[in-house]
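Here are my notes for you, as numbered points. I have kept each one short so that you can follow along in the viewer.

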Amino acid sequence: MINIRYYILLCILFGGLTNRAAAEEIIAIKADRIDTVTSGVIENGIIVIADGRIKAVGNDIEIPETAEIIEVFDKTIFPGLVNPSSRIGLSQTASGGSGSNPHYRVVDELYPQQDQYKRILGAGFTTMGLLPGDRGSLMYYPGYGYYFGGSSPSTGITGQGAIVRPTGRSPEEMIVAESGFVMIHFQANDKVKNVVKSALDSAKSKMSSTDPKVKPLVNALQGKVPTFVMCNLPGEMLHLFKLLEPYDKMKLVLIADTETHLITKELAKRKIPVILPAQIDFERNTRNRINIPRILTEAEVKIALKPEFDNVGGHEDFLRQVAELVKAGLDRQIAKKAITINPAEMMAVDYRLGSLDVGKDANLLVLSGDPLDVGTKIDKVMIEGKIVYEAPLGETIDE
């Protein structure tokens, strides 16, 4: 009887393994050009995707017999775009005042299946970093910086940002990391500085705490999650750097504005990455055009680019804006990294997102040409190997 039971158990286990192997979904995409961003461009390449992950990418690749083959000749494959700094699709919350609310989670505002998310998928965005804040959408005012749509945004430690896919029937299906980073909205006045310093010092004295009001800051202090800081003016940034000097393990990411180039040396010395709007600016009180992303990258400051306006139109116009920066002197390869792998690194998810490398999520775009060429159209968008957007017939350009 024991042998019979043992035999039955083996059959069940073997059958389960066989069924899982048979159920493995394999896709092979053949394209004229695969721009991996991190490992060069592959001409006449193949990407093999197994259960949503990139299994192989290159020229001479054996395609499994069970693979579904997708041929997209005359097309370019490119990683899905990553926006690390947005409030799109989120609710409006109470605003004003300074405080420390590290326990607040932006994922609690998620409302799936919105038209906004569907449209930014069509603009090529497969990953979003959503900021905890107030007043709904994040707005940018040249010469004055970022504000959450109102004249009196909340300052201090505003909560935990989330990393999401802009698709899914439930919040759980959208979430990549529900506590992706801690957010600080900084202003260089005594009230805000005291709020931030007191909260960090308190967390530093409670490093073993599991209190949800303390643990996020402990993680930030230990560098387990990035710390995003929105700071509008160069003078305020210098105050910020001095304030955070005692907390040297924090992984600081700066969300900055038009005058960031005035402290380029400080940013380079401290190796602080910066998130910038994709736009050509004007020097304050002049009509002199200035390419701040170019200035920062030439000084070896790592940058990520985001849409100038945090709405659907801003996302739909994003690649054109990045192309304008390249035309004005920003290195083309750096620009491509600034919209894919760099923001993924800043959010500490580059191990699975931001480039077309083996082992990463199969988040990719099928394009009619180079992503930064004028006239290039998005044909398809994939997230984890599944097509989540296809352009209507007649809207793509065939080379």
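1. Let me begin with Arg-165 and Glu-384, which form a salt bridge in this predicted model. Their closest N and O atoms are 2.9 Å apart. The pair links distant parts of the chain, 219 residues apart: Arg-165 sits in the loop between β10 (155–164) and α3 (171–174), while Glu-384 belongs to the loop between β19 (378–383) and β20 (386–390). Arg-165 counts as buried because its relative accessibility is 13%, under the 20% cut-off. Glu-384, at 22%, is partly exposed.

2. Please also look at Asp-373 and Arg-332, whose side chains meet in a salt bridge with an N to O distance of 2.4 Å. Asp-373 lies in the loop between β18 (364–367) and β19, and Arg-332 lies in helix α11, so this bridge ties together parts that are 41 residues apart in sequence. Both partners count as partly exposed, with relative accessibilities of 37% for Asp-373 and 31% for Arg-332.

3. These two residues also belong to a wider set. Which residues are linked with Arg-332 and Asp-373 in a network of salt bridges? The other members are Arg-33, Asp-35, Glu-43, Lys-336 and Asp-370. Across the structure there are 26 salt bridges.

4. Asp-361 and Arg-352 make another bridge worth a look, with the closest N and O atoms 2.7 Å apart. Asp-361 has a relative accessible area of 3%, so it is buried. Arg-352 is at 15% and counts as buried too.

5. Now for an acidic residue that lacks such a partner. Glu-308, in the loop between β17 and α9, is buried yet has no salt bridge. How far away is the nearest side chain of opposite charge? That side chain belongs to Arg-320, and the distance is 6.6 Å; a salt bridge would need the nitrogen and oxygen within 4 Å, so the pair does not qualify. What the Glu-308 side chain does have is a polar contact with the side chain of Gln-321, at 3.0 Å. If you are setting protonation states, this is the residue I would open in the viewer.

6. Gln-321 leads on to helix α10, where it is one of the buried residues. Why is this helix described as largely enclosed by the rest of the structure? Seven of the 10 residues in α10 (residues 318–327) are buried, so the rest of the structure largely encloses it. Besides Gln-321, the buried residues are Phe-318, Leu-319, Val-322, Ala-323, Leu-325 and Val-326.

7. The surroundings of α10 come next. Its buried residues pack against three helices and strands alike, namely α8 (292–298), α9 (312–316) and α11 (332–338), together with β5 (81–86), β7 (125–130) and β17 (303–306). After α10 comes Gly-329, which has a positive phi, near 120°.

8. Finally, the chain as a whole. It has 399 residues, of which 54% count as buried, and it contains 12 helices and 20 strands. Taking contacts between residues at least 6 apart in sequence, 67% join residues at least 24 apart. The exposed area of the chain is about 18,200 Å², and carbon and sulfur atoms supply 51% of that area.

Methods: Residues are numbered from 1 along each chain as its sequence is written. This is a predicted model: local features need pLDDT of at least 70, side-chain atom pairs count only at pLDDT 80 or more; totals for chains, interfaces and linings use all residues. Side-chain values use heavy atoms; hydrogens and water are left out. Buried means under 20% relative accessible area, exposed over 50%, partly exposed in between (1.4 Å probe, protein chains only). Helices (H or I, at least four residues) and strands (E, at least two) are DSSP runs, numbered from the N terminus. Contact means heavy atoms within 4.5 Å. Accessible areas come from the Shrake-Rupley method with a 1.4 Å probe; for residues, only the protein chains shown count as cover. Lys and Arg count as positive and Asp and Glu as negative; His and the chain ends are not counted. A polar contact is a pair of N or O atoms within 3.5 Å; within protein, one must be able to donate a hydrogen and the other to accept it, and residues adjacent in sequence count only if both atoms are side-chain atoms.
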